Amino acid sequence: MQSLTTLEYGKLLALVARYATTPMGRGYLENLQPLTNRLDLERDLRATGEAMALAQRAVVWRFSELPDPDNALAVLRIKNTTLEAVSMLEITRLCNQALFARSAIAPEKDAAPTLWQFVEQIPNSLFAVIDRINKKLLPSGEIDDAASPELARLRREINLQRGRLQKALENTMRSAGDAIQDQIVTQRNERYVIPVKADFRGKISGVAHGFSSSGATVFVEPLEAIEANNELQNLKGKEEREVARILFSLTEDLREQLSAIEAAVGAVGELDFIKAKIEFARKFNAIVPTISDDETLDLIDARHPLLEENLRGQNQIEPQRHRDTEKEFQPPISTDKRGFENKGQRTKDEGQNKEIVPVSFKLTQEKGVMIISGANAGGKTVVMKTAGLLSLMAISGLPVPAREATIPFYKSVLADIGDHQSLSANLSTFSSHISNIAGMMEQCSAPSLVLLDEVGTGTDPDEGSALGVAIVDYFRRKCGAQIIASTHYRGLKIYAANDENVINASVEFNEKTLQPTYRLLVGLAGASSGIEIARRFGIRDEVIATARQNLDVSAQKAESYLRTLQTETTNAEDLRKALEEEREAVAYKYATLEIEAKKREKERRREFETQLAETVEGFEKQSKAFINSIEDKALKAKLDKERLARKAELNRAVLQKVQSPKFKVQSAFDSNQDSGLRTQHLPLVVGAKVRTSFGSVGTIEKIDKDTAEVAIGAMRLREKLANLQIVSNQTETANESTKQTRGEKLQSQAKESNLRLDTKDLSAELNLIGRTTSDAEYEIDRFLDEAYLAALPRIRIIHGFGTGALKNFVHHFLKGHPHVAKFGFAPAAQGGQGATIAELKQ
């Protein structure tokens with residue numbers, strides 16, 4: 001219990017409890033203790049993690065205006081008792097919000113099974129009870145007139161009787177004349193009366209129900225109104241009995257659902273408890289810790305939440321966010337000593353604000369001791385308090401303010417921090433520390449975390465140093481505990497330096513500014529710098545000089561060596577960080593350049609392909625228009641066949657060129673370098689051999705301003721001069737340098753290119769039955785061109801048996817065709833001698 005107080009565990013719980021919105025949730029937090037059951041701890045941490053994951057997906061629940069239901073539940077547990085209407089409304093409101101939370105979690109029950117367990121037992125039957133109560137009770141807690149037919153009838157009669165009674169009293173006042181003080185019907189003792197002047201009391205017969213404060217008015221119930229008042233009171237009595245009956249009936253409805261209501265109350269408490277934890281995690285950038293199985297305590301960028309809250313109150317700023325993978329995290333913190341009785345705070349100023357310096361270190365089962373040395377007020381105590389409080393938070397199921405946290409399932413966290421001296425108990429500083437440590441030795445059992453602040457202090461330095469080493473070694477070897485101890489004694493520093501399983505650490509001190517930086521340097525002992533700090537706090541120079549003269553020479557050398565080593569280590573670490581940041585910047589720059597280059601290349605290729613497709617389409621339109629203008633059918637068919645052949649040749653040339661490894665687009669239709677073509681800076685004149693923008697080589701036949709007419713075989717194209725490239729006579733043709741077959745190449749080119757060329761999917765079969773030989777010649781020729789362009793490996797031509805003339809013509813035509821490698825009759829299953837199979841050249 002003393003360690004919980006020393007580490008300010010209660011203040012931490014009060015901080016988290018601020019984010020609870022129900023009495024149940026606040027009660028859970030105020031009574032929270034470190035858990036002793038590993039399964040309970042894992043369940044709580046799992047539930048918190050699930051809730052944080054749901055919150056990121058905007059799956060949330062909220063509770064509001066929910067008072068403590070304990071009294072109402074106590075009434076429901078007693079038979080034949082009746083709840084007040086207001087209490088019923090409070091219970092229904094709680095159940096309604098619990099059901100809402102259940103409906104929010106239900107769709108996510110596979111992703112949040114632990115949360116679902118909290119609400120799974122809330123039955124939907126509560127909806128019917130809630131609906132009945134809400135129909136009979138008004139939000140103010142009054143019973144609705146429609147709660148029962150009898151109540152509605154009684155209230156109608158009461159209103160009628162009240163109206164008749166008031167009317168009769170008004171008539172009495174009018175007939176009494178000057179005897180009436182005010183023409184107002186009023187009530188006394190729940191009966192309707194009239195105000196009569198005291199001097200005229202005998203003028204009106206009736207029952208007096210009292211006087212006004214001045215005595216000038218007496219309130220009289222006239223004799224003629226007594227019977228009517230009695231009837232009205234009788235009706236009101238019946239109304240009260242009916243209301244009581246209704247409330248008892250509704251109470252019985254709730255009593256039947258008592259187990260469901262208790263489940264709802266428990267679920268609301270648990271969910272509000274969890275909601276407070278995730279809200280705390282959001283405000284303090286906390287994470288769900290990992291509970292280690294191998295007694296590893298590993299904290300990365302850990303911060304003390306009370307210290308951070310203290311700073312937030314001073315700076316009035318929101319906490320900064322964790323750095324992501326680009327290292328943007330810079331957590332804030334606090335600096336003054338409130339809540340930390342005798343040691344300095346680990347903070348540094350940033351202008352008028354102060355920011356926290358996070359703690360990072362690791363203890364393992366083998367290396368379970370860390371000795372922290374260094375300057376006074378440098379933050380040694382805060383390191384221990386941060387480790388201790390975060391460990392308590394973790395084993396209590398709370399999120400911890402850190403970037404990463406792995407914490408053992410400690411049986412106990414024991415701390416001797418601060419000055420426990422007591423005049424009443426006759427304890428000095430030293431004796432109070434020793435007394436506390438003795439109690440810790442009795443309580444300690446592995447796994448435990450032991451925190452020792454200035455162990456051995458308060459007595460002779462030599463004896464204190466020896467005692468400090470012995471105490472640390474006892475907790476380490478006898479208790480199997482992990483220890484974090486702060487010290488100024490060289491004996492403990494040497495103990496850590498001589499044992500490879502003990503970690504030396506220090507808090508950094510800037511020798512130039514004579515200010516602590518509050519950074520924890522693991523692996524390096526630190527100098528106390530007590531004389532320098534004394535000078536910084538205003539001790540006179542002559543005192544400082546005398547102290548230096550009195551300091552032992554060996555101690556001076558040791559202090560000087562530690563300061564030098566610390567400075568060099570710090571410089572090396574800063575250099576490493578700078579180099580790492582520079583390396584990341586260079587890598588990012590090169591990655592950006594590569595992405596931009598690929599993007600530009602893709603855009604240029606897309607533009608080239610678009611213009612190329614337009615050029616091919618233009619050629620197609622021009623050639624079709626020219627052929628359609630010819631009237632001679634034979635010539636028209638011959639030219640159309642030539643057009644298709646040229647178009648196929650053009651498509652193949654374009655595809656080969658686009659996929660060529662030497663093809664690099666510098667800009668839309670820039671000049672290109674190819675392995676078989678070299679440009680020369682020669683003038684574009686009629687007769688010059690040029691390469692067009694889509695890769696074919698032709699001869700300029702005509703130049704008209706900035707446009708040239710280029711002959712490519714039997715085809716002529718119009719092309720802008722800017723898109724033409726002079727080709728030398730020695731390299732007019734480009735040889736393919738690939739081992740792919742024609743079919744494989746065309747298929748891969750068609751797959752990879754974004755061009756839309758005339759390579760439609762074709763049927764591998766041509767039916768000529770019923771055709772003449774003249775018709776068949778055109779059909780076969782066109783079919784072979786299209787099949788060759790589509791990279792079909794083989795085709796089947798159906799010619800039938802008949803007289804054999806069509807079969808002979810087909811074989812004769814195939815025999816000399818440049819696209820056909822070989823042919824023969826089809827197998828019996830595919831038509832036999834009535835069909836011919838032709839394999840195309842690859």
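Colleague: I am new to this predicted model, and I would like to begin with a proline: where does Pro 447 lie?

Modeller: Pro 447 is in the loop that runs between helix 14 (429–443) and strand 13 (448–452). A cis peptide bond joins this proline to Ala 446, with an omega of about -5°.

Colleague: On the other side of strand 13 there is Glu 454, so to speak in the next loop; what makes it count as buried?

Modeller: Glu 454 is in the loop between strand 13 and helix 15 (461–477). A residue is called buried when its relative accessible area is under 20%, and Glu 454, at 11% relative accessibility, therefore counts as buried. Glu 454 also has a positive phi of about 55°, although it is not a glycine.

Colleague: Where else does phi take a positive value, for instance at Glu 295 or just after helix 11?

Modeller: Phi of Glu 295, a residue other than glycine, is near 60°, and this residue sits in the loop between strand 5 and strand 6 (297–302). Just after helix 11, Asn 285 has a positive phi of about 50°.

Colleague: Why is helix 11 described as largely enclosed by the rest of the structure?

Modeller: Of its 27 residues, 19 are buried, so helix 11 is largely enclosed by the rest of the structure. From first C-alpha to last, helix 11 reaches 39 Å, close to the 39 Å expected at 1.5 Å a residue.

Colleague: How do you know that the span of helix 4 agrees with what is expected?

Modeller: The expected span is 1.5 Å times one less than the number of residues. For the 19 residues of helix 4 (residues 38–56) this should give 27 Å, and the end C-alpha atoms are 27 Å apart, so the two values agree.

Colleague: Which residues of helix 4 are buried, and what do they pack against?

Modeller: The buried residues of helix 4 are Leu 41, Asp 44, Leu 45, Ala 47, Thr 48, Glu 50, Ala 51 and Leu 54. They pack against helix 7 (113–119), helix 11 (258–284), strand 5 (290–292) and helix 13.

Colleague: What makes a group of residues a nonpolar core, and which members of the largest one touch the most others?

Modeller: The members must be buried residues of the nonpolar kinds counted for a core, joined through side-chain atoms within 4.5 Å. The largest such core has 58 residues, among which Phe 280, Phe 361 and Ile 484 touch the most other members. Helix 13 (residues 380–395) gives the most to this core, with 9 residues. A second, separate core of 51 residues includes Leu 76, Met 88, Leu 126 and Leu 271.

Colleague: Which residues does Ile 484 touch, leaving aside those up to four places away in sequence?

Modeller: Among them are Phe 361, Leu 363, Met 370, Met 384 and Leu 451.

Colleague: Why is an empty space called a cavity, and what is the volume of the largest one here?

Modeller: A space is a cavity when a 1.4 Å probe fits there but cannot get out. The structure holds 6 cavities of 30 Å³ or more, and the largest has a volume of about 50 Å³.

Colleague: How does the lining of the largest cavity divide into nonpolar, polar and charged residues?

Modeller: The lining has 6 nonpolar, 1 polar and 2 charged residues; including Asp 68, Ser 87, Glu 90 and Leu 94. Asp and Glu count as charged, and helix 6 (residues 85–105) gives the most to this lining, with 4 residues.

Technical notes: Residues are numbered from 1 along each chain as its sequence is written. This is a predicted model: local features need pLDDT of at least 70, side-chain atom pairs count only at pLDDT 80 or more; totals for chains, interfaces and linings use all residues. Side-chain values use heavy atoms; hydrogens and water are left out. On a 1 Å grid over the protein atoms alone, a cavity is a set of points where a 1.4 Å probe fits but cannot get out, and a pocket is an open set with protein on both sides within 12 Å along at least five of seven lines; lining residues have an atom within 4 Å of a point. Grid points are joined across faces, edges and corners, and a volume is the space filled by probe spheres set on the points. Helices (H or I, at least four residues) and strands (E, at least two) are DSSP runs, numbered from the N terminus. Buried means under 20% relative accessible area, exposed over 50%, partly exposed in between (1.4 Å probe, protein chains only). Contact means heavy atoms within 4.5 Å.
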